[in-house]
Amino acid sequence: MASQAIDHPKSVILAFVFRRSLIGALLWGAIFGFIVATSAFGFEAAFNTPASKAQAAALGANAGLQALLGPPHSIETVAGFTAWRSVGIVILFGAVWSILLATKNFRGEEEAGRWELLLSGQTTTRRAVFQTFLGLGFSLGAMFLVVAGISVIVGQSLNTKFNVPDAIFLALSSVCAAGIFLAIGALISQVVATRRQATTWTAAIFGICFVLRAVSGASSNMGWLGWFSPIKWIDELQPLTNPSPEWLVPIGALIVGLVLLTVYLANQRDLGSSLLHDHESSRPHTTLLRNAFTTSLLLLKGNIIGWLIGVSLFSYLFGTVS
């Protein structure tokens with residue numbers, strides 16, 4: 001019955017998106033679970049004496065690591081270290097994975113012309129976008145199940161065990177960033193005209209959120225900036241140490257709001273259009289059109305300049321923190 005439901009003509013987009021993104025979600029779920037396992041077992045092996053646990057506490061006081069992984073909680077314990085290291089790393093990788101996945105399935109499919117074929121079936125634009133979200137959501141759910149399963153096994157295999165509900169909450173906290181930036185990527189895909197632009201814009205938003213969290217943690221006078229970053233909200237979940245599920249409310253509200261806004265904007269615009277129109281023509285610039293190398297520089301100059309600015313600002317931030 002479940003197979004018949006997902007293969008129903010009115011659910012074909014959901015099935016298509018889910019099947020195409022499932023393998024990647026399972027693979028990344030396994031990688032995230034591996035990060036949880038190495039964090040937990042690594043702590044037990046390296047910090048098993050009072051002196052070494054004091055060293056772990058000093059490690060958590062490092063401002064540079066706090067800027068990268070977020071503020072630690074009870075880092076001198078296996079639970080605190082595991083939550084701090086694993087969630088901090090998974091936020092980075094999960095956001096990148098979700099940004100690429102969202103822009104591929106929304107603006108990328110539309111830019112390639114495949115979205116028009118999907119809309120020719122028994123569906124509408126609103127329903128198609130909603131089905132795409134459901135397909136991506138099911139893949140995200142599959143990722144969560146993998147991370148949760150590995151976290152539960154790891155938690156029960158440690159000398160200092162953490163219970164099953166805490167392990168599941170750790171997995172949920174780990175995939176929150178992926179859910180948030182999946183929704184942001186889908187929304188930006190309605191605003192700009194190409195997938196490259198959507199990916200760049202969403203990555204820039206992630207960078208801003210990350211910097212706000214880092215600055216708020218590095219300076220007590222600017223701690224209020226962190227509350228404008230959803231990454232800071234994920235930090236406040238504090239899995240394994242002081243679980244605070246109430247922070248799932250603003251995170252969930254943000255995701256739902258972004259999804260509803262994306263569905264609305266997609267239904268308001270024409271297929272292939274965007275809120276910010278791309279330039280259809282421009283003045284010719286032939287200076288660099290002399291060979292393949294200079295032509296590549298011309299075509300990629302926007303990305304190159306953007307990455308140089310981003311890397312420079314990021315390096316300045318971490319240099320200042322250090």
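I'll start with a pocket: the second largest one in this structure has a volume of about 340 Å³. Its lining is made up of 17 residues, and the ones closest to the centre are Gly137, Leu140, Gly179, Leu182 and Ile255. Three elements each give two or more residues to that lining: helix 7, residues 125-157, helix 8, residues 164-191, and helix 11, residues 248-268. Helix 7 gives the most, with seven residues. By residue type, the lining of this pocket has 14 nonpolar residues and three polar ones, and no charged residues. Please keep in mind that this is a predicted model.

Now the chain as a whole. It has 13 helices and zero strands, so reading from the N terminus on, every element is α. The chain has 322 residues, and 43% of them count as buried. Its accessible surface comes to about 16400 Å², with 67% of that belonging to carbon and sulfur atoms. As for contacts, take those with a separation of 6 or more: residues 24 or more positions apart account for 73% of them.

Last, one residue, Ala54. Where does Ala54 lie? Ala54 is in helix 3, which covers residues 50-60. Why is Ala54 called partly exposed? Its relative accessible area is 47%, and partly exposed is the class between under 20%, which is buried, and over 50%, which is exposed. Ala54 can also be paired with Glu76: the two are 22 residues apart in sequence, and their C-alpha atoms are 6.8 Å apart in space.

How values were computed. Residues are numbered from 1 along each chain as its sequence is written. This is a predicted model: local features need pLDDT of at least 70, side-chain atom pairs count only at pLDDT 80 or more; totals for chains, interfaces and linings use all residues. Side-chain values use heavy atoms; hydrogens and water are left out. On a 1 Å grid over the protein atoms alone, a cavity is a set of points where a 1.4 Å probe fits but cannot get out, and a pocket is an open set with protein on both sides within 12 Å along at least five of seven lines; lining residues have an atom within 4 Å of a point. Grid points are joined across faces, edges and corners, and a volume is the space filled by probe spheres set on the points. Helices (H or I, at least four residues) and strands (E, at least two) are DSSP runs, numbered from the N terminus. Ala, Val, Leu, Ile, Met, Phe, Trp, Tyr, Cys and Pro count as nonpolar, Asp, Glu, Lys and Arg as charged, and the others, Gly among them, as polar. Buried means under 20% relative accessible area, exposed over 50%, partly exposed in between (1.4 Å probe, protein chains only). Contact means heavy atoms within 4.5 Å. Accessible areas come from the Shrake-Rupley method with a 1.4 Å probe; for residues, only the protein chains shown count as cover.
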